[in-house]
Amino acid sequence: MISRKRMKMDLIGQSMLATGLAITGLSGLSLVWFIGVLSLLGLWQGASAVHLALAYEYRERHIFLWLFLGFILTLPLGIWLIGVWAIFPISLGVIAYFIVTVRDTLEEMQRPRSFWDL
């Protein structure tokens, strides 16, 4: 069973990086900053998915692992073919993972506390 503390920390970290992503996108900073913060958020989410899949055997995260792997492998070709717009599908994957994390955290908060959370 995944602990509440782990899910809260994951959600807080993703929220902070998503806020930074929104700030860099809306403030008119260089596209390099936006891509950098998006990369950090993607790395955080990738590490989170690997941890949940391996440590907790959470099968729902396997889909995102394959999705992130596909994005990483096709990104050079996408940049070569369509330029910066290749980042758009990655952004959709990051948003989907954030939404699933929020949903899972809310579900975890509804469950009775485990012995390890006491």
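Let's start inside the protein, with two aromatic residues: Phe 64 is buried, and Phe 68 is buried as well. The model you are looking at is a predicted one, so please read every value here as computed from predicted coordinates. The rings of Phe 64 and Phe 68 form a tilted aromatic pair, with 6.4 Å from centre to centre and 40° between the planes. Why do Phe 64 and Phe 68 sit about one helical turn apart? Because they are 4 residues apart in helix H3.

Phe 64 has a second ring partner. With Tyr 97 it makes an edge-to-face pair, 5.0 Å centre to centre and with 90° between the planes. Here the two partners come from separate helices: Phe 64 lies in helix H3 and Tyr 97 in helix H4, so this pair ties together parts that are 33 residues apart in sequence. Like Phe 64, Tyr 97 is buried. Taken together, ring pairs join Phe 64, Phe 68 and Tyr 97 into a cluster, and the structure as a whole holds 3 aromatic pairs.

Now let's step back to the overall fold. The protein chain has 4 helices and 0 strands, giving the order α-α-α-α from the N terminus on. Its C-alpha trace spans about 50 × 30 × 15 Å along the principal axes. Of the 118 residues in the chain, 34% are buried. Among contacts with a separation of 6 or more, 71% are between residues 24 or more positions apart.

With the helices in mind, the nonpolar core is a good next stop. In soluble globular proteins, nonpolar side chains tend to be buried together. In this model the largest nonpolar core has 17 residues, and those with the most contacts inside it are Leu 21, Leu 38, Leu 41, Phe 64, Phe 68, Val 94 and Tyr 97. The three residues of the aromatic cluster, Phe 64, Phe 68 and Tyr 97, are thus in that list. H1, H2, H3 and H4 each give two or more residues to this core. Leu 38 is worth a look of its own: leaving aside neighbours within four places in sequence, Leu 38 is in contact with Leu 21, Ile 87, Ser 91 and Val 94.

Leu 38 also leads us to the pockets. Rolling a probe the size of a water molecule over the atoms shows where empty space is left. How much space lies in the largest pocket? About 310 Å³. Its lining consists of 14 residues, and the closest to the centre are Leu 38, Ser 39, Gly 42, Ile 72 and Ile 90. Helix H2 (31–55), helix H3 (62–82) and helix H4 (87–110) each give two or more residues to the lining, and H2 gives the most, with 6 residues. In character, the lining of the largest pocket divides into 11 nonpolar residues, 3 polar and no charged.

The second largest pocket has a volume of about 190 Å³. Lining it are Ala 18, Leu 21, Ala 22, Phe 34, Leu 38, Leu 41, Ser 91, Val 94, Ile 95 and Phe 98. The elements that contribute two or more residues to this lining are helix H1 (4–26), H2 and H4. Which helix gives the largest share of the lining of the second largest pocket? That is H4, with 4 residues. The lining of the second largest pocket holds 9 nonpolar residues, 1 polar and no charged.

Key: Residues are numbered from 1 along each chain as its sequence is written. This is a predicted model: local features need pLDDT of at least 70, side-chain atom pairs count only at pLDDT 80 or more; totals for chains, interfaces and linings use all residues. Side-chain values use heavy atoms; hydrogens and water are left out. On a 1 Å grid over the protein atoms alone, a cavity is a set of points where a 1.4 Å probe fits but cannot get out, and a pocket is an open set with protein on both sides within 12 Å along at least five of seven lines; lining residues have an atom within 4 Å of a point. Grid points are joined across faces, edges and corners, and a volume is the space filled by probe spheres set on the points. Ala, Val, Leu, Ile, Met, Phe, Trp, Tyr, Cys and Pro count as nonpolar, Asp, Glu, Lys and Arg as charged, and the others, Gly among them, as polar. Rings of Phe, Tyr and Trp (its six-membered ring) pair if their centres lie within 6.5 Å; planes under 30 degrees apart count as stacked, over 60 as edge-to-face and the rest as tilted. Buried means under 20% relative accessible area, exposed over 50%, partly exposed in between (1.4 Å probe, protein chains only). A nonpolar core is a set of buried Ala, Val, Leu, Ile, Met, Phe, Trp, Tyr and Cys residues joined through side-chain atoms within 4.5 Å. Contact means heavy atoms within 4.5 Å.
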